[in-house]
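Here are some short exercises to try with a structure in front of you. Have a go at each task before reading its solution.

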Amino acid sequence: MECTNKFSRKFKDVSLEELRDKLAEFAKLRNWDKYHSPRNLLLALVGEVGELSEIFQWKGEVERGLPNWSNDDKKHLEEEISDVLLYLVQLADVCGLDLGQAALSKIVKNAQKYPLLD
């Protein structure tokens with residue numbers, strides 16, 4: 001399904017499986033598999049979360065949708081969020097985990113742990 005976002009670019013829904021497969025192929029073609037241990041991927045993920053955090057570090061609270069941000073700032077944010085997602089997908093893959101199913105299971109668990117209030 002193709003959609004258009006606020007930046008007037010088209011995008012399609014992408015599954016975690018598709019991301020996983022593309023990342024695996026990307027790493028294999030570059031012979032990077034030998035470096036992609038769970039530990040190394042986790043450390044890379046932590047580094048990327050740090051870079052993502054840095055974007056917000058001195059901004060205080062920001063409005064939902066980031067209406068006061070420039071397109072360049074939004075693009076930078078998009079890139080850093082993507083880095084975090086991609087390392088997370090790779091980490092789950094090398095650990096043999098189904099990230100999508102794990103996330104759905106966690107939502108169910110959280111719903112039981114935090115029931116609706118009356």
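The exercises below deal with a helix and a pocket in this predicted model.

**Exercise 1.** Check whether the length of α1 agrees or disagrees with what its residue count leads you to expect.

*Solution.* Start with the count: α1 has 14 residues. Next, apply 1.5 Å a residue, taken over one less than the number of residues, so the helix should span 20 Å. Finally, look at the end C-alpha atoms of α1: they are 20 Å apart, which agrees.

**Exercise 2.** Work out how the buried residues of α1 are arranged around its axis.

*Solution.* First, pick out the buried residues, meaning those under 20% relative accessible area. In α1 these include L19, L23 and A27. Now look down the axis: the buried residues fall within an arc of 60 degrees, so they line one face of the helix. That buried set packs against α3. Then turn to the other side of α1, where K22, K28 and L29 are exposed. Just past the helix comes N31, with a positive phi near 60 degrees.

**Exercise 3.** Describe the lining of the second largest pocket.

*Solution.* Begin with the volume, which is about 190 Å³. Then list the lining: L23, F26, A27, W32, H36, D83, L86, Y87 and Q90. Two elements, α1 (16–29) and α3 (71–94), each give two or more residues to this lining. The largest share, 4 residues, comes from α3. Last, sort the lining by type: you get 6 nonpolar, 2 polar and 1 charged.

Methods
Residues are numbered from 1 along each chain as its sequence is written. This is a predicted model: local features need pLDDT of at least 70, side-chain atom pairs count only at pLDDT 80 or more; totals for chains, interfaces and linings use all residues. Side-chain values use heavy atoms; hydrogens and water are left out. On a 1 Å grid over the protein atoms alone, a cavity is a set of points where a 1.4 Å probe fits but cannot get out, and a pocket is an open set with protein on both sides within 12 Å along at least five of seven lines; lining residues have an atom within 4 Å of a point. Grid points are joined across faces, edges and corners, and a volume is the space filled by probe spheres set on the points. Ala, Val, Leu, Ile, Met, Phe, Trp, Tyr, Cys and Pro count as nonpolar, Asp, Glu, Lys and Arg as charged, and the others, Gly among them, as polar. Buried means under 20% relative accessible area, exposed over 50%, partly exposed in between (1.4 Å probe, protein chains only). The arc is that of the directions from the helix axis to the C-beta atoms. Contact means heavy atoms within 4.5 Å.
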